[in-house]
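User: Hello! I am new to this structure and would like a close look at a single part of it. Could you walk me through it in a friendly way?

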Amino acid sequence: MEYNCKEFKVGKCEGEKLVDGETLPLVLTPPVPSKNGIESLLVALKNNKEWFEEMLVKNSAVLFRGFDVKNAVDFNDIVETCDWEDIRYMGPAPRTHIHKRIWTANEGPLSEFIYYHHEMVLIKEFPKAVILFCEIPPPEGGETPFVPSFKVTERMMEEFPEFVEEVEAKGLKYTFTALSNDNTTSMRGRGWQDALGTPDKEEAERRARALGMDVEWLENGGVKTILGPRALTKVFEGRKGRRMWFNTMVGMHGKELSSAMMADGTEIPENIVKRCEEIIEDESIQFKWEKGDVLFLDNYATLHGRRPSLAPRRVLVATCK
């Protein structure tokens, strides 16, 4: 399907890119100024669900701009209109529940860069869509850059074909250390009790195993989780057979609380990690948040992150199957 929906007008945003013939993000605006209200947006989405879902898969990112989306209640109405099943966030980011299906995005310090990732990439069940709403745009910085994942795989295959095939064959193994309680001074400060929804260690172990994690308890009350083997790339139905860079090798390699290696224990060469980081940044796309923006990301096809920001900045999130 092409852009044949009369209830939206295709717009533009600074920073958009043409990738493989598609514009990322696809910007959808009110067809006329008088139809910029939340009700107009909800009706348009309801009447054009199939079209919108195809646009999201086709373009990997869709930005609704110019609609009067005021708060978490409005945002939740948009999410529920899509009629996609909710999926509970599981990960290290400190977050707060706001309203129904709506949560804060990572509450770690705004001064830190949150590295590119597919949401919940290491968990057995991960979201199909990540939806973000800008309630308060930051005065400076704070963009949510995203990356067409298949482009990273293409370039890594070009530069390091033997490495890619070796890791594809062996898989990846990750470790991550979580404290007992939340630490909001860190972007990875969510404690295991909150993340696993229980203070009971036996129950926590059971829930961790169900998610595909092994655990080692630490003397300080924290836990070290071991995940693997995990894939380097994945191919998802309906996305042109593209191999997505569906891993968090760069984000977890050689960090204070985490590690990434091949599943057999082979270390990943530092120069390859560094070059992959450069490729990901080179392929990134970003725009300045505006109040009321709602960004839909195909989590199968895009990595996303967060630039350092001045306060205030308030971006809310929902994750969907």
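How many of the seven residues of strand β19 (residues 314-320) are buried?

Analyst: Welcome! Please keep in mind that this is a predicted model. Six of the seven residues in strand β19, which spans residues 314-320, are buried, so the strand counts as mostly covered; buried here means under 20% relative accessible area.

Now for the strands paired with β19. One of them is β9 (residues 129-136), which runs antiparallel to β19 and is joined to it by seven bridges. To find this pairing in the picture, look for A129, which stands opposite C320 in β19. Another is β7, made of residues 102-104; two bridges join β7 to β19, and these strands also run antiparallel. Here W103 is a handy marker, as it stands opposite V317 of β19.

For contrast with the buried residues of β19, you can turn to two helices. Helix α2 covers residues 49-59 and holds E53. With a relative accessible area of 33%, E53 is partly exposed, because this value lies between the 20% limit for buried and the 50% limit for exposed. E53 also belongs to a negative surface patch, together with E50, E54 and D83. Helix α3 (residues 72-82) is where you will find D77. D77 has a relative accessible area of 30%, so D77 is partly exposed as well. As a last landmark, follow the chain from D77 to E162: they are 85 residues apart along the chain, and their C-alpha atoms are separated by 48 Å.

Definitions and conventions
Residues are numbered from 1 along each chain as its sequence is written. This is a predicted model: local features need pLDDT of at least 70, side-chain atom pairs count only at pLDDT 80 or more; totals for chains, interfaces and linings use all residues. Side-chain values use heavy atoms; hydrogens and water are left out. Buried means under 20% relative accessible area, exposed over 50%, partly exposed in between (1.4 Å probe, protein chains only). Helices (H or I, at least four residues) and strands (E, at least two) are DSSP runs, numbered from the N terminus. Two strands pair if DSSP finds at least two bridges between them. Patches are made of residues with over 30% relative accessible area and no salt bridge: like charges are joined within 9 Å, nonpolar side chains (Val, Leu, Ile, Met, Phe, Trp, Tyr) within 5 Å. Accessible areas come from the Shrake-Rupley method with a 1.4 Å probe; for residues, only the protein chains shown count as cover. A salt bridge is a side-chain nitrogen of Lys or Arg within 4 Å of a carboxyl oxygen of Asp or Glu. Lys and Arg count as positive and Asp and Glu as negative; His and the chain ends are not counted. The place of a charge is taken as NZ of Lys, CZ of Arg, CG of Asp or CD of Glu.
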